[in-house]
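User: I would like to look closely at one part of this model, and I would be glad of a careful explanation that a first-year student can follow.
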Amino acid sequence: QVQLVQSGGGLVQAGGSLRLSCAASGRTFSSYAMGWFRQAPGKEREFVAAISRSGGMTKYADSVKGRFTISRDNAANTVYLRMNSLKPEDTAVYYCAAGSTIYTDDWLYWGQGTQVTVSS
């Protein structure tokens, strides 16, 4: 069992930056690929980014490539999402998740979600 606790998020103007954090409990953090997802009001949850167990591989949605960076610190059991050049369309509840690989469709554990609001 892995528990994921998110922090960060908030309100920012368009063009601004935010960093989300997701801290995992337990000693098996490095056994999981980690991902970030988001869900905007009235829309389905969508994939944002993922990082492999070692951090050596990453994957991004086209909509955030070049603006968002996923990283992880296995010693600190934490995954991060750095979001730059934010746009109003990035407004959503963001969730971190743990899964087997960055290509999985079966993410096993989820964080509680954190609101990101980008004003125009």
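Are Phe37 and Trp107 buried or exposed? Please start from these two residues and then work outwards to their surroundings.

Analyst: Both Phe37 and Trp107 are buried, and since this is a predicted model, that answer describes computed coordinates. For Phe37 the relative accessibility is 8%, and it counts as buried because the limit is under 20%.

The next step is to see how the rings are arranged. A pair of aromatic rings is described by two things, the distance of the centres and the angle of the planes. The count of aromatic pairs here comes to four. One of them joins Phe37 and Phe47, whose rings meet edge-to-face at 5.7 Å centre to centre, with 75 degrees between the planes. Because Phe37 belongs to strand β4 and Phe47 to strand β5, this pair ties together parts that are ten residues apart in sequence. Unlike the buried Phe37, Phe47 is partly exposed, with a relative accessible area of 22%.

The rings of Phe37 and Trp107 also form an edge-to-face pair, since their centres are 5.4 Å apart and their planes stand at 75 degrees. Here Phe37 in strand β4 meets a residue from the loop between β9 and β10 (109-110), so the pair ties together parts that are 70 residues apart in sequence. Taken together, ring pairs link Phe37, Phe47, Trp107 and Trp110 into a cluster.

Charged side chains also come up to this cluster. Arg45 lies over the face of Trp110, at 3.8 Å from the ring centre, while the charged end of Lys59 sits over the ring of Phe47, 5.1 Å from its centre.

From the rings we can move on to the cores. In soluble globular proteins, nonpolar side chains tend to be buried together. In this model the largest nonpolar core has 31 residues, and those with the most contacts inside it are Leu4, Met34, Trp36, Leu81, Met83 and Tyr94. Among the elements that give two or more residues to this core are β4 (33-39) and β5 (46-51), as well as β7 (68-73) and β8 (78-83). Apart from this core lies another one of six residues, and Trp107 is among them, together with Ala50, Ala97 and Ile102.

Ile102 also leads to Ser52, which has its place in the loop between β5 and β6 (58-60). Leaving aside residues up to four places away in sequence, Ser52 touches Ala33, Met57, Arg72 and Ile102. Ser52 is itself buried, because its relative accessible area is 13% and the limit is under 20%.

Arg72, one of the residues that Ser52 touches, brings us to β7. In a regular strand the side chains alternate between the two faces of the sheet. Along β7 this can be followed residue by residue: Phe68, Ile70 and Arg72 point to one face and are buried, whereas Thr69, Ser71 and Asp73 point to the other and are not.

β7 is part of an open sheet of four strands, in the order β1-β3-β8-β7, with antiparallel pairing. Because β1 (4-8) and β7 each have a single partner strand, they stand at the edges, and one side of each is left without a neighbour in the sheet. From one strand to the next the twist averages 15 degrees.

Strands of a sheet pair through backbone hydrogen bonds, either parallel or antiparallel. Between β7 and β8, which run antiparallel, there are six bridges, and across them Arg72 has Val79 as its bridge partner, while Ile70 stands opposite Leu81. The two strands form a hairpin with four residues between them, and Asn77 in the turn has a positive phi of about 55 degrees.

On its other side in the sheet order, β8 is next to β3, and these two antiparallel strands are joined by six bridges. Leu20 has Leu81 in β8 as its bridge partner, and Leu18 stands opposite Met83. β8 is mostly covered, with five of its six residues buried. Met83, for its part, touches Leu18, Leu20, Phe68 and Tyr94, among others, when residues up to four places away in sequence are not counted.

How values were computed
Residues are numbered from 1 along each chain as its sequence is written. This is a predicted model: local features need pLDDT of at least 70, side-chain atom pairs count only at pLDDT 80 or more; totals for chains, interfaces and linings use all residues. Side-chain values use heavy atoms; hydrogens and water are left out. A nonpolar core is a set of buried Ala, Val, Leu, Ile, Met, Phe, Trp, Tyr and Cys residues joined through side-chain atoms within 4.5 Å. Buried means under 20% relative accessible area, exposed over 50%, partly exposed in between (1.4 Å probe, protein chains only). Contact means heavy atoms within 4.5 Å. Rings of Phe, Tyr and Trp (its six-membered ring) pair if their centres lie within 6.5 Å; planes under 30 degrees apart count as stacked, over 60 as edge-to-face and the rest as tilted. A charge sits over a ring if NZ of Lys or CZ of Arg is within 6 Å of the ring centre and within 35 degrees of the ring normal. Two strands pair if DSSP finds at least two bridges between them. Axes are lines fitted to C-alpha atoms, for helices over the stretch in contact, and angles run from 0 to 180 degrees between N-to-C directions.
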